[in-house]
Amino acid sequence: MQIIMKPYRFLHIIMLCLLVLPGWAQSYDDMVADMSELSLPLVNMEVEIGQVNSNNYVPGKIYLSEYKDNTVETTSYNCQVRYRGMLALTNPKKSFNVKLVDDEGEKLDANIMGLRTDNSWILDAMAYDKMRMRNRVCFDIWNEFSHTMWDTKHGNRNGTVGTMVEVFINGNYNGIYCLSDKINRQLLNLRKAKEVEDSVTVKGLLYKGNGTSTTNTLLDYNEDDTDDVEWNCFELQYPDDYPSLQAWQPLMNLIDFNSKSDLEYFKAHYNEWYYVDNLVDYWVLIAALGLSDMPYKNTFLSTPDINFEHRFMITPWDLDACLGREWSGLEAPDYTPLGRLDRYGPFNRLSVQNIDGFRQKVAQRWFELIESSLSPTNIENHINSIAQRFVESGAWQREYERWNYSYMTMVRPNVYSEVQYALTWYRANLAFVNVRIDSWREDYVEINTSTITQMYNYMLGFDATFDEKIDLNKDGFINATDVTEAYNFILGIENQ
């Protein structure tokens, strides 16, 4: 039987379909026309999306719309675009690196949404993050309590700043993103390399840990080619125009110091290679938030001018594998395994050997911060502030409708379900870590021959007083294992 549909009925069906189109099907122009004080900023990238790849930048144009003072302000820039990330490139919702350029294609610095003046920006898809905010929340918290070890033009900031936006590709909705600046030479105030005729003098250095290998521990490296921006599992972020032995040698020297110096030399000189306060902050950040994708992978190492000193500062990166989730979005199997950090230089000595009371420094900072920046209340306020904007703007519903078809990008219909999961995990992790850190407050002991004598006196019954400070492995007993650990410490033999 043949069905013949009258034209007016066919048109009626089309109109009904249009009425039930999902929110994400709205165009950029339609969304701009409907903006209000509740709206997230809107970003539209005009680019040949089929030409975009992770290796080379392709030309495009970017439009940014904000609702300010009861009106919509839109600015536009010529730009160059490429995909960013490594494993994230397999995700259908991709992140972008965006460089602003002028009409001649030259670098253009601009202050985007009041973040800072620069030409290089990130549109982070946060695709594996079930809450679409973990990286942003963690950086905002880090910026509250940890800063650069030298003066900069950006308030000694040692992390990114960013704002949540909704992104369109050629006018078509693509979801919630975080627009943020980058960790680079300008932010950290690193001195430029000096080029005279055919010679270059490297000054400021910026390395980024990308992968996982023996080098990732800062305790070993392979003799890889030094004429490339990638060496072992690190990338030369600056000066990336001059990859050379001169640029990579300082990192080799740092690793050699960690791994080849004897214990006494290490104890006497580690302050010449690291900023201890910075190490402590990094340790506390990882332990509190359960950052499973570091240390040193997703970490920058920088020094302002290698010709004056070789101390390196740590800056974290890609903080989305946290708060109860792995990088893939799967639930974390447990709470922060603190012993994992002890396998990395210089923690394998500073923490394990408790050099200069390093554990007490960690404990003091820990209990300061879990009452302030890392308190459950502060974490909750940061998360709820963003979640509220997601909901009130309608962005979360659009994100859900746009990306819920894929397991890799799937989110819950209600963002507050994931918020509750993250906050519950965070409180439990703090309680878990507190137990160990609390024992670090008073357990500092100078290990020497007198310590061993005290152990033998207890074991032989000459002194029945149990002293927790000489229970070196914290197993509740003082026995031959503690004696062996004390001898190893005195002899400078590392515990593996």
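Two strands count as paired if DSSP finds at least two bridges between them. Keep that in mind for the views below, which come from a predicted model.

**Figure 1. The whole chain, to get your bearings.** Start with the overall view: the chain has 14 helices and 16 strands. Its C-alpha atoms fill a box of roughly 105 × 60 × 50 Å along the principal axes. Of the 496 residues, 51% count as buried. Now take the contacts in the chain with a separation of 6 or more: residues 24 or more positions apart account for 66% of them.

**Figure 2. An open sheet of five strands.** Here the strands sit in the order β13-β14-β12-β15-β16, and the pairing is antiparallel. At the edges you'll find β13 (230–231) and β16 (313–316), each pairing on one side only. Helix α5 (residues 245–260) packs on this sheet, where it touches β12, β13, β14 (234–238) and β15. The direction of α5 makes about 65 degrees with that of β12.

**Figure 3. Zooming in on β12 and β15.** Strand β12 covers residues 205–209 and strand β15 covers residues 299–303. The two run antiparallel, and five bridges join them. To pick out one bridge, look for K208: its partner in β15 is F300.

**Figure 4. A barrel of seven strands.** Follow the strands around in the order β1-β2-β3-β4-β7-β9-β8 and you see them close into a barrel with mixed pairing. From one strand to the next, the twist averages 40 degrees. One pair to look for is β2 (residues 58–68) with β3 (residues 71–84), an antiparallel couple joined by eleven bridges. Within that pair, Y63 has S76 of β3 as its bridge partner.

**Figure 5. Strand β8 and its neighbours.** Six of the eight residues of β8 are buried, so this strand is largely enclosed by the rest of the structure. With strand β1 (residues 42–47), β8 pairs in the parallel sense over four bridges; in one of them, L42 is partnered by E166 of β8. With β9, the pairing of β8 is antiparallel and takes eight bridges. M164 stands opposite C178 in β9. The hairpin of β8 and β9 has two residues between the strands, and N170 in this hairpin takes a positive phi near 55 degrees. Helix α11 (residues 395–403) lies across β8 (162–169) and β9 (172–180). It runs at about 120 degrees to β9.

**Figure 6. Helix α7 against helix α12.** Two packed helices are described by the angle between their axes and the distance between the axes. For α7 (residues 276–289) and α12 (residues 415–440), the angle is about 135 degrees and the axes are 8 Å apart. That makes α7 oblique to α12. On the α7 side, look for W283, A287, A288 and L289. They meet W425, Y426, N429, L430, V433, I437 and W440 in α12. Sort the residues of this contact and you get ten nonpolar, one polar and no charged.

**Figure 7. Helix α9 against helix α12.** This view stays with α12 and brings in α9 (residues 358–369), with axes that come within 9 Å and cross at roughly 135 degrees. That makes α9 oblique to α12. The crossing of α9 and α12 is left-handed. From α9, the residues R359, Q360, V362, A363, W366 and F367 take part. Facing them from α12 are L430, V433, N434, R436, I437, D438 and W440. By type, the contact of α9 with α12 has eight nonpolar, two polar and three charged residues.

**Figure 8. Helix α3 against helix α10.** The last close-up shows α3 (residues 134–145) and α10 (residues 376–393), packed at an angle of about 135 degrees with their axes 10 Å apart. These two helices, α3 and α10, are therefore oblique to each other. Their crossing is right-handed. In α3, find R136, V137, D140, I141 and E144; these meet N378, I379, H382, I383 and I386 in α10. The residues of the contact of α3 with α10 split into five nonpolar, two polar and three charged.

Note on methods: Residues are numbered from 1 along each chain as its sequence is written. This is a predicted model: local features need pLDDT of at least 70, side-chain atom pairs count only at pLDDT 80 or more; totals for chains, interfaces and linings use all residues. Side-chain values use heavy atoms; hydrogens and water are left out. Contact means heavy atoms within 4.5 Å. Axes are lines fitted to C-alpha atoms, for helices over the stretch in contact, and angles run from 0 to 180 degrees between N-to-C directions. Angles under 35 degrees count as roughly parallel, over 145 as roughly antiparallel, 65 to 115 as roughly perpendicular and the rest as oblique. Ala, Val, Leu, Ile, Met, Phe, Trp, Tyr, Cys and Pro count as nonpolar, Asp, Glu, Lys and Arg as charged, and the others, Gly among them, as polar. A crossing is left-handed if the near helix is turned anticlockwise from the far one by less than a right angle, and right-handed if clockwise. Buried means under 20% relative accessible area, exposed over 50%, partly exposed in between (1.4 Å probe, protein chains only).
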